[in-house]
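Open the model in your viewer and keep the sequence panel beside it. We will go stop by stop, selecting a few residues at a time.

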Amino acid sequence: MTANPPFFDPLFLDIGLTTPRAHENTFFIEHPSFFLHTILFLKLVTRIAQGLTRLQHSSPCNWTVGKHNLDCRRSGHYDAFMLRMSSFFSMIIVGILLSQIPVHAAPDPELIAIRTPSGITIQAEIADTPRKRSYGLMYRESLKKDHGMLFFFSEPQAWTFWMKNTKIALDLIWLDEKKRVTHIERNVPICTKSDDSCPQYRPNSADAVYVLEITGGTVDGYKIEKGTKLQFGQP
């Protein structure tokens, strides 16, 4: 479910979102200095190889390395050999460095506790930026029990929602600045249309500051109805 203003501004919808939401299994590199060290090492290996090549060409035609005699007329062969060896050892060092880089899974989203008249507390994700509001609960296969998403808006309006790219049915609950329920849409179905013709859902009044999304068909179990006041803090 994504939110958009009453006048259907496409820039506010998910279709205008160019930066995808990070997947829960996305990994983030904590120490980019490892990459700097790797680059410096590769440059060092390259310079050593170039220095050896210049040294070979400035020496007499017959070289002796250990028990082997080298022919300067085959210097191109030796240069290629040095390049292969330097690349081989470079990959080994890079592998060692990358194995030491600590990685962490993307952090869980920030949650806010919402107390309902039934005594059950809903743990809701916070959608308080244009990007978060535009993305909403799109592409989710399911919601955990007693979980949802709470949208925060900077001013009261008849905020409009639709179900494009949303894979689960939802109950939509609009609340005013006093956190009283002003409108409810129950069991809003998913929309499988690929264009922008998905139905839009909006309240009857223009005083909504918050919108709560929960699993479809669960709003009555929380004893939430029009006029109900929910209890939650600010992010």
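**Stop 1: the disulfide**

With -85° about the S-S bond, the link of Cys191 and Cys198 is left-handed. Keep in mind that this is a predicted model. Show both side chains as sticks. The sulfur atoms of Cys191 and Cys198 sit 2.1 Å apart, and the two residues form a disulfide. The count for the structure comes to one disulfide.

Now turn on the surface. Are these cysteines buried or exposed? Cys191 has a relative accessible area of 9%, so Cys191 is buried. Cys198 is at 4% relative accessibility and also counts as buried. The cut-off for buried is under 20%.

**Stop 2: aromatic pairs**

Next, colour the aromatic side chains. A search of the whole structure finds eight aromatic pairs. Select Tyr135 and Tyr139. Their ring centres are 5.9 Å apart and their planes meet at 50°, so this pair is tilted. Check the surroundings of each ring. Tyr135 is buried, with a relative accessible area of 15%. Tyr139 is partly exposed, at 41%.

Move on to Phe152 and Phe232. How are the planes of these two rings set? They stand at 90°, with the centres 6.4 Å apart, so the pair is edge-to-face. Trace the chain from each ring. Phe152 lies in strand 8 (residues 147–157), while Phe232 lies in the segment after strand 13 (208–215), so the pair ties together parts that are 80 residues apart in sequence. Both Phe152 and Phe232 are buried.

Stay on Phe232 and add Lys179. Lys179 lies over the face of the Phe232 ring, at 4.5 Å from the ring centre.

Then select Phe151, Phe153, Trp159, Phe161 and Trp174 together. These five residues form one aromatic cluster.

**Stop 3: a hairpin**

Finish with strand 6 (residues 111–115) and strand 7 (residues 121–127) in cartoon view. The two strands pair in the antiparallel sense over five bridges. Find Leu111 and look across to strand 7: the bridge partner there is Glu125.

What joins the strands? Strand 6 and strand 7 form a hairpin with five residues between them. Click on Gly119 in the turn: Gly119 has a positive phi of about 90°.

Now show the side chains of strand 6. In a regular strand, side chains alternate between the two faces of the sheet. Strand 6 shows this alternation. Ile112 and Ile114 point to one face and are buried. Leu111, Ala113 and Arg115 point to the other face and are not buried.

Conventions. Residues numbered from 1 in each chain as written. Predicted model: local features only at pLDDT ≥ 70, side-chain atom pairs only at ≥ 80, totals over all residues. Heavy atoms only, no water. Phe/Tyr/Trp six-rings, centres within 6.5 Å; stacked < 30°, edge-to-face > 60°. Buried < 20%, exposed > 50% of the residue type's maximum accessible area, 1.4 Å probe, protein only. Helix = DSSP H or I, 4+ residues; strand = E, 2+ residues; numbered from the N terminus. Lys NZ or Arg CZ within 6 Å of the ring centre and 35° of its normal. Disulfide = S-S within 2.5 Å. Pairing = 2+ DSSP bridges.
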